[in-house]
Amino acid sequence: MYTNLNNPANYQLQDFGQFGFRVLDSSSMVVDGETYRTLYVLDDAVVSATSAKADDLVSKALLAGTLLHGLFSAPSVTSGKVLAYMAGRLTAQEILDLYKAYVLANGGTLELESETLSKLQALGTDDYADASLVLMPSGYKTSVLFSERPMDTDGQIAFSRASTATRVDASGLVEKVRENILLYSEDYTQAVWTSLSTATLSSTTTITPEGTTNAVRVTATAGPQDLRQVRTITNGAPYTNSAYIRRVSGTGNVSIIDVNGTELVITPTSEWRRFSITSTATSTTGWLYVRVDVSGDVIEVSGC
């Protein structure tokens, strides 16, 4: 049910600065493009909603009388009842905050944030609200571009190519897009990893920085032992080896190895951190190693 309260004498509008509200329950449809400043729980409820600051509500049990302030989209109620005060037009920064949270939640990468903000400011919030599609391809993952509007599967543009990827950067120059040359970079059960790795590889339920559980646990049963993959590369070209790594147990050295086999000792902690090393290839054989030096030490790796 939707009630329009565009009455300047209405105390709710004056207090919250809103443009109306929706009463949400389990039968309510999610309305694409609408955002909400305040959620007020009328009856004990289980609520899900996307937050611009990435502190999303996921099947959150809330007691009647709970009042949440923020910037929410796509609220849904599986039980109970919630009063959701509409936000009206968003600022360009608020749109970008929602977009960033959306892209990262879907395992994507966001680049050129300041340029995207400038383009959103130039577009204007009214034109943004009236548009059915807004696409400034700064958010992406393999074979998918994320549109700024709508922020759902209808705005995920799938594509494929048979040539080298290029794009126009912020200076108007054509540049080659970074390419991950590793095979199955998020699936460590594949033979490209298991046939070469000397460490013991196992699955883990640890949540990765991308919000998935597809990391690999690397256990050294002797020292040193590796998680490894070898690829054919271009001699004389620069390559970056990069991965999220966290220590599970042990205190021995952990290293990443560049494409030429040079070792860089790193200092992982119990928290995820991305480590990288960049070198110019001196041959056509490229190495990706993460090395654990001491038998019994355990690390977890994601996003190679």
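**Helix packing and two buried charged residues**

In this predicted model, helix H2 (residues 92–105) and helix H3 (residues 113–123) approach each other with their axes within 9 Å, crossing at roughly 130 degrees. H2 is therefore oblique to H3, and the crossing of the two helices is right-handed. On the H2 side, the contact is formed by Ala92, Gln93, Ile95, Leu96 and Lys100, while H3 contributes Glu113, Thr116, Leu117, Leu120 and Gln121. By residue class, the contact of H2 with H3 comprises five nonpolar, three polar and two charged residues.

Arg246 belongs to strand S15 (residues 238–249). Because its relative accessible area is 15%, below the 20% limit, Arg246 is classed as buried. Two polar contacts of its side chain were identified: one with the backbone oxygen of Ser270 at 2.9 Å, and one with the side chain of Glu300 at 2.7 Å. Beyond four places in sequence, Arg246 touches Thr206, Pro268, Thr269, Ser270, Glu271, Trp272, Ile299 and Glu300.

Asp297 is located in the loop that runs between strand S19 (285–292) and strand S20 (298–302). With a relative accessibility of 6%, Asp297 likewise counts as buried. A polar atom of the Asp297 side chain lies 2.8 Å from the backbone nitrogen of Gly252. Gly252 is also among the residues that Asp297 touches when those up to four places away in sequence are left aside; the others are Val218, Thr219, Ala220, Arg247, Ser249, Gly250, Thr251 and Val292.

How values were computed
Residues are numbered from 1 along each chain as its sequence is written. This is a predicted model: local features need pLDDT of at least 70, side-chain atom pairs count only at pLDDT 80 or more; totals for chains, interfaces and linings use all residues. Side-chain values use heavy atoms; hydrogens and water are left out. Helices (H or I, at least four residues) and strands (E, at least two) are DSSP runs, numbered from the N terminus. Buried means under 20% relative accessible area, exposed over 50%, partly exposed in between (1.4 Å probe, protein chains only). A polar contact is a pair of N or O atoms within 3.5 Å; within protein, one must be able to donate a hydrogen and the other to accept it, and residues adjacent in sequence count only if both atoms are side-chain atoms. Contact means heavy atoms within 4.5 Å. Axes are lines fitted to C-alpha atoms, for helices over the stretch in contact, and angles run from 0 to 180 degrees between N-to-C directions. Angles under 35 degrees count as roughly parallel, over 145 as roughly antiparallel, 65 to 115 as roughly perpendicular and the rest as oblique. A crossing is left-handed if the near helix is turned anticlockwise from the far one by less than a right angle, and right-handed if clockwise. Ala, Val, Leu, Ile, Met, Phe, Trp, Tyr, Cys and Pro count as nonpolar, Asp, Glu, Lys and Arg as charged, and the others, Gly among them, as polar.
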